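Here is a walk through one protein model, taken a region at a time. Have the coordinates open as you read.

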Amino acid sequence: MARQPRAQTIATRRLWRPALRIAGLLLLAGLLFGGYLWVSTPLPEPGQIWARASLGNTRILDRGGRLLYAVPDPLSGRQQPVPLSAIPLALQQATVAVEDASFYQNPGVDLRGIARAAWQNLRSGEIVAGGSTITQQLARTILLDPREAQRQSLGRKLREAVLALKLSASFGKGEILSMYLNQVYYGGLSYGVEAAAQRTFGKPASDLDLAEAALLAGLPQAPGRYDPFSQPDLAAARQAQVLDAMAREGFITAEEAERAKAEPLQLHGAAAEMRAPHFVGYVLDTLTAALGPDTVLRGGLTITTTLDADLQDAAQEVLRRQIERLSSPRDGGLPHRVSGGAVVVLDPRDGAILAMVGSPDFADRASAGQVNAALALRQPGSAIKPLTYAAALERGWTPATTILDVPSSFATREGRPYAPENYDSTFHGPLSLREALATSSNVAAVRALDHIGVPALLEMAQRLGITSLGQDSARYGLSLTLGSGELRPLELTAAFAAFANGGSRVTPYSVMSISGAATPGHAGPEPALSPQVAYLISDILSDRYARMRAFGVESPLDIGRPAAAKTGTTTDWRDNWTVGYTPDRAVGVWVGNADGEPMKDVSGISGAGPVWHDVMLAAHRGLPARDFARPAGIVELSVCAEGGMLPGPACPASRLERFVAGTEPRQPDTTHVALRVDRLLGCLAPAGYPAARTTTRIFRRLPPEAAAWGRENGIPAPPAQPCRQEGGPTPTAPQANVSAGDVAAGPTLISPAAGSVYRMSAGVPADRQQIVIEAVGGGTNSALTIVIDGEPVAQLSGPPYHAFWQLAPGEHRAWAEAGGARSAEVRFTVIR
């Protein structure tokens, strides 16, 4: 029994001997390989580290080969080395806290730090900490070839680690930190803290305070993502992460961190000597994220972009002139308090960026001209409505679907009622979907979203490439369809491009080719919605007649060729938009202020609209006009103009409408009824009623929810009570004006309704504020004249009898004349 343990021990030793031999051999091989790397990886002399030459200037060209920018040598041009003593302690500590917390203890590499960073990034879902030490980053950026630095290989990582260890053995911590802070890339073509401080804050690095130092220290991790000029929200969030890390490491107190987070930063921005500076910055940010800053800026590349330099210059000038006009009105009016804007032009077929203007003047520091508003988050207002209606069309609605634009209250998640109002402060009654979208009815859009649900709109936005809104429907209410969410002009323009190209999502891209490096790929068009739905949205947004009631006979949305367009204005005047397209170009325009200050009386039609119009003309120069191609599966038929059903015997007017095959109406109109009534009393004429006292009138049947609106707008309901044949009341007064006229008794004015009140909008030019005057001829097709305040405003040879009249403040009288007969007089009011 005493020998058994010894036998077991001998057996165990025999089992372990091969494993120990293998481990020893691996250790020996590792030591030999490490020794080889140590010997074969020479460290330059200290003076040579600063003198590392780049491979030549990187050149950025437009699509025609014209130079946009030649990037200066970052190790001599924009880099401005300063001694460590001139770099604020706060910036040194912020950099150490967020990039390499064990910097002063580790020998150049930190295995625990690598593991800790990997865990933090995994938990947060994004890069919040780097795995490499400051010394490793320094070795990678200045000692490795830029192309090798981008390789994700074990050999490269080992060489980097060896170089880091050698740096630590050859230089003190202060020298390493100084070299790092003087060469690291901070974005905006700025290498080193001095160039970054001058570019971002317009001051030397020595003058940076804690809040400014924390902002800069957060940039090297992802300079494009955290750029304070194009991504201010992300930059602020990154700054907060840096301050929290400083507090966690004991460099500052929690109270100091909170004060620094609350400090408003005054960004400076240095004017760039380049053509299309916002676009060039976008290209550099995109490529440095994909290839690394050293490959892009030190690699001697020739980058051919998608930009059309002539179109870019034209868009820049159009935007500058419009902002100047709004700031200094020629009519002597008050300035509109607007200084910013953005323009994006895409090829809707593949998403190529043909122009990107981020502000009227990049060099204008007073208006934050360096901020690229084409990439900034803004509320789109009504410009997002086409996405709501696209989702509704997918769910069975049609352009003829009736949507009620009447006073309405909707339940909210908080339990408070939500009652939307229209831009013109009036309600328009039953509208077809075509009319609702073309005239931008807010009430109808909210009703549509209430029907399909907020998740449906978010899903449509995601499908078309808008990621800024996210997918969390709990963040939004029904006002989302009126533009309460935030998105980027580049995103919204790309989403509209899907309507232009027949339903395919396109991802905007800026680079066609790169000489000297692999060209990053870009996603091609991907089907996002049916060609039929895309066509119907384009058909509605390009319908000049459907939008005339809201925009007038002539508007900036008319460019002399088939073009779809949608405007948007936020209720607080902070943002206004015009986004539209043809089959060949998609153009998005935003006008507002970079700091979010509200404008004064500037709408999408008066602010962004003229810019969109002129840029569209420039973008289509030399291109033939093209209609939107009608895909298979679209049918066209006549429907009743009011109600959208097939014309019935009582339908007063019909029009053509287009439908996705299978969704077209199949039942005759039931929203109108022809009734024999007493011509004076309006009661139903029973059988045997004296024929001399009767006439046939057409009444519109409104749903109960619209009954009050009908009464307020002078639209009589079909009579329910029959006339008394004996002992009944004696007719003493004529009946009030009716909606569809007396079929046998001369002309009748349908619109405006008696007692209507119209309010003029301060944000829309007066000559574009018009209403529709509409009449019926009383059973004849003869000539008809519309008269307002005693002056003929339209002489119409035949039906349909409608004309547009420019609003003028005051009390007005209107009537129609035909065949020697005159309709009842209608009184209405226009107020400012």
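## Ground rules

Before we get to who lines what, one term: helices and strands here are DSSP runs, with at least four residues (H or I) for a helix and at least two (E) for a strand, numbered from the N terminus. Also keep in mind that this is a predicted model.

## A cavity and its lining

Let's begin inside. Searching the whole structure turns up three cavities of 30 Å³ or more. The second largest of them has a volume of about 60 Å³, and that's the one to look at here.

Which residues line the second largest cavity? They are L437, A438, I540, L541, D543, R547, F551, L557, A565, K566 and T567. Sorted by type, that lining has seven nonpolar residues, one polar and three charged. Four elements each put at least two residues into the lining: helices α17 (433–438), α21 (531–541) and α22 (544–551), plus strand β11 (564–569). Strand β11 supplies the largest share, with three residues.

## A four-stranded open sheet

Next, a sheet. Four strands line up as β2-β1-β3-β9, making an open sheet with mixed pairing. Its edges are β2 (67–70) and β9 (511–515), each of which pairs on one side only. From one strand to the next, the twist averages 15 degrees.

Zoom in on one edge and you'll find β1 (residues 59–61) running antiparallel to β2, with three bridges joining the two. If you want a pair to click on, I60 has Y69 in β2 as its bridge partner.

## Around strand β26

Now jump along the chain to β26 (residues 826–831), which pairs with β19 (residues 757–759) in parallel through three bridges. One pair to look for is R759, whose bridge partner in β26 is I831.

β26 also pairs with β24 (residues 810–818), this time antiparallel and over five bridges. In that pairing, G810 stands opposite V830 of β26.

## Two serines with positive phi

Most residues other than glycine have a negative phi. Two serines go the other way. S425 has a positive phi of about 65 degrees, though it isn't a glycine, and S440 has a positive phi near 60 degrees.

Both sit in loops: S425 is between β6 (402–405) and β7 (429–432), while S440 is between α17 and α18 (442–452). Buried or partly exposed: which is S440? S440 counts as buried because its relative accessible area is 14%, and the cut-off for buried is under 20%. S425, with a relative accessible area of 42%, is partly exposed.

## A buried threonine and its contact

T481 is in the loop between α19 (454–463) and α20 (489–500). Its relative accessible area is 0%, so T481 is buried. What does the side chain of T481 touch? It makes a polar contact of 2.7 Å with the side chain of T388.

## Three pairs across the chain

To finish, here are three residues, each with a partner elsewhere in the sequence. E194 belongs to helix α9 (residues 193–201). Despite being a charged residue type, E194 is buried, with a relative accessible area of 11%. E194 and P204 lie 10 residues apart in sequence, and their C-alpha atoms are 6.0 Å apart.

Y801 is found in strand β23 (residues 801–806) and is buried, at a relative accessible area of 4%. Where is T785 with respect to Y801? Y801 and T785 are 16 residues apart in sequence and 8.7 Å apart, C-alpha to C-alpha. As for A661, look in the loop between β15 (654–660) and β16 (672–678). A661 is partly exposed, at 44% relative accessibility. A661 and E636 are separated by 25 residues in sequence and by 9.0 Å in space, C-alpha to C-alpha.

Conventions:
Residues are numbered from 1 along each chain as its sequence is written. This is a predicted model: local features need pLDDT of at least 70, side-chain atom pairs count only at pLDDT 80 or more; totals for chains, interfaces and linings use all residues. Side-chain values use heavy atoms; hydrogens and water are left out. Two strands pair if DSSP finds at least two bridges between them. Axes are lines fitted to C-alpha atoms, for helices over the stretch in contact, and angles run from 0 to 180 degrees between N-to-C directions. On a 1 Å grid over the protein atoms alone, a cavity is a set of points where a 1.4 Å probe fits but cannot get out, and a pocket is an open set with protein on both sides within 12 Å along at least five of seven lines; lining residues have an atom within 4 Å of a point. Grid points are joined across faces, edges and corners, and a volume is the space filled by probe spheres set on the points. Buried means under 20% relative accessible area, exposed over 50%, partly exposed in between (1.4 Å probe, protein chains only). A polar contact is a pair of N or O atoms within 3.5 Å; within protein, one must be able to donate a hydrogen and the other to accept it, and residues adjacent in sequence count only if both atoms are side-chain atoms.
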